[in-house]
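Got your viewer open and ready to click? Let's take a short walk, one selection at a time.

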Amino acid sequence: MGKISDRIRYVGVNDLKTTAFEGMWPLPFGVSYNSYLVMDEKTALIDTAELGFAAEYMENIRRELDGRKIDYLVINHMEPDHSSLIAMVRESYPDVRIVANAKTVPILKGYQGVTDNIHVVKDGDSISLGNSTLTFYMTPMVHWPETMVTYFAEEQTLFSGDAFGSFGALEGGITDSDAGLYGSSDAAGSVFGAFRDEMRRYYSNIVGKYGQTVQAALKKLSGMSIARICSTHGPVWEKSVSDVVAYYDRLSRYEGEKGVCIVYSSMYGNTAEAAKALAAELESRGVPYAIHNLCTEHVSYAYRDAFKYDTLAVGAPTYNNDIFPPAYNFMYGISARLVKNRRFFAFGSFTWAGASVKLLNEMAGRCGFDLISEGISFPQAYSREKCDMAAVADRIKAALA
Ligand SMILES: Cc1cc2nc3c(=O)[nH]c(=O)nc-3n(C[C@H](O)[C@H](O)[C@H](O)COP(=O)(O)O)c2cc1C
Ligand SMILES: [Fe+2]
Ligand SMILES: [Fe+2]
């Protein structure tokens, strides 16, 4: 069941229980914690899984090992979704030698109390399992300081850690030939197509700030011949390796596709009406867009599509002479993720003295965004006369042309 190739076995688990990953990110399709066994004369386990899945995970390992022991445990990443079973693996397989880099050592001690039988590796170091060679490359800040990837040359396989990972549990298989996105009826044509939105939501929310270090990692990997990517979340990429790498490259360069991500917040519906008017005008012009209401939807979806499109339109009423907090929070996150290369448009209702549009523009200016216009700050109720969204849509369409 867990066979990826003769030498590579999947021993990961699906998490369909956790409602919020990292305590924050909704998981409508679950998430997988992927871990792999490489089997040759010696065996190596690549990362582990989340603590709550100990019984299932340990059983997966036992089944694939079929009586053998684990010689090495390679730690690519110490975030607890992959590392919280390390001590338990050592209890069951006391001779296992841990393979980790110098930055991992203190983190491993701090979380798992493990200090002995560690083989410390540097960038480019290898271990041999017989006819299988694992080589380690440091990829710091993708998305923690200790992150590294493991390359299995004989199988042209990259164990990439969180890089190229996605939210969404695996249904029906493991690779992009046979895995579906759990619980999704989306027939997007390919497995990559089915996972793309959840991959971008994972990237934009969890890795999004580290575009520069992801670019450095991609540069480092660019010389390798990669036929298979085994990441820690989502499908194993085989058919879609080049698509997935190209997509990651694009996301980490903050390169949006042509279109508008409309993100709005509204207490009484007036700013909401303006947002919907803008959506209707874009629709009638054939401009691609997504629209998200921060008051009813989790902000992670807004970030997902802010990373998708090259134009960002943000609506917020004025609130205590400031930006209505959900939109302020969203813009804070845009700035924290170092989002670049966006056109920007702000709008919002007020009653006695508008402030939100001016302040949104200032936040956008600090991100280096190009303003489509000075924005539309309108008193009280929405009307076509107060909010000429047709003109805004014309400008956006012209800018995208
Ligand atoms: C707690 C609170 C604080 C507000 N602060 C301001 C303000 O400082 N300046 C202002 O012009 N309007 C202020 N307003 C009025 C709103 O901006 C106004 O009701 C606006 O139309 C709401 O837009 P919405 O329907 O999109 O929520 C405030 C409203 C509330 C409830
Ligand atoms: Fe992580
Ligand atoms: Fe992870």
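Which backbone nitrogen lies 3.0 Å from a polar atom of the side chain of T318? Select T318 and look: the nitrogen belongs to S356. Keep in mind as you go that this is a predicted model.

**Stop 1: around T318**

T318 sits in strand β21, which covers residues 318-319. Its relative accessibility is 16%, and buried means under 20%, so T318 counts as buried. Now show what it touches: leaving aside residues up to four places away in sequence, the contacts are M267, S349, F350, A353, G354, A355 and S356.

**Stop 2: the iron ion (ligand 2)**

Next, select ligand 2, an iron ion, and show H77, E79, H143 and D162. These four coordinate the ion at 1.9 to 2.2 Å, the two histidines through NE2, E79 through OE and D162 through OD. Try the angle tool here: the angles among the four donor atoms run from 88 to 159 degrees, and the site is irregular. Along the sequence, the donor residues follow the pattern H-x1-E-x63-H-x18-D. While you're here, click on H77 and E79; both are buried.

**Stop 3: the iron ion (ligand 3)**

How far apart are the iron ion (ligand 2) and the iron ion (ligand 3)? Draw a distance line between them and you should get 3.4 Å. D162 is the bridge, as it coordinates both ions.

Select ligand 3 and its protein donors: D81 (OD), H82 (NE2), D162 (OD) and H233 (NE2), at 2.1 to 2.3 Å from the ion. This site is irregular too, with angles of 84 to 169 degrees among its four donor atoms. In sequence, its donors are spaced D-H-x79-D-x70-H.

Is D81 buried or exposed? At 7% relative accessibility, D81 counts as buried. H82 is buried as well, with a relative accessible area of 1%.

**Stop 4: helix α1**

Finally, select residues 54-65, the twelve residues of helix α1. At 1.5 Å a residue the helix should span 16 Å, and its end C-alpha atoms are indeed 16 Å apart, so the two agree. Colour A54, Y57, M58, N60, I61, E64 and L65, which are buried. Now look down the axis of α1: these buried residues fall within an arc of 155 degrees, so they line one face of the helix.

What covers them? Among the covering elements are strands β1 (8-10), β2 (13-15), β6 (36-39) and β7 (43-46), along with helix α3 (86-92). Last click: just after α1 comes D66, with a positive phi of about 50 degrees.

Notes:
Residues are numbered from 1 along each chain as its sequence is written. Chains are lettered from A and ligands numbered from 1 in the order in which they are written. This is a predicted model: local features need pLDDT of at least 70, side-chain atom pairs count only at pLDDT 80 or more; totals for chains, interfaces and linings use all residues. Side-chain values use heavy atoms; hydrogens and water are left out. Donors are N, O and S atoms within 2.8 Å of the metal (3.2 Å for Na, K and Ca); water is not among the atoms, so sites may look incomplete. Four donors count as tetrahedral if all angles lie between 85 and 135 degrees; four count as square planar and six as octahedral if opposite donors are over 155 degrees apart and all others between 65 and 115; anything else is irregular. Buried means under 20% relative accessible area, exposed over 50%, partly exposed in between (1.4 Å probe, protein chains only). Helices (H or I, at least four residues) and strands (E, at least two) are DSSP runs, numbered from the N terminus. A polar contact is a pair of N or O atoms within 3.5 Å; within protein, one must be able to donate a hydrogen and the other to accept it, and residues adjacent in sequence count only if both atoms are side-chain atoms. Contact means heavy atoms within 4.5 Å. The expected span of a helix is 1.5 Å times one less than its number of residues. The arc is that of the directions from the helix axis to the C-beta atoms.
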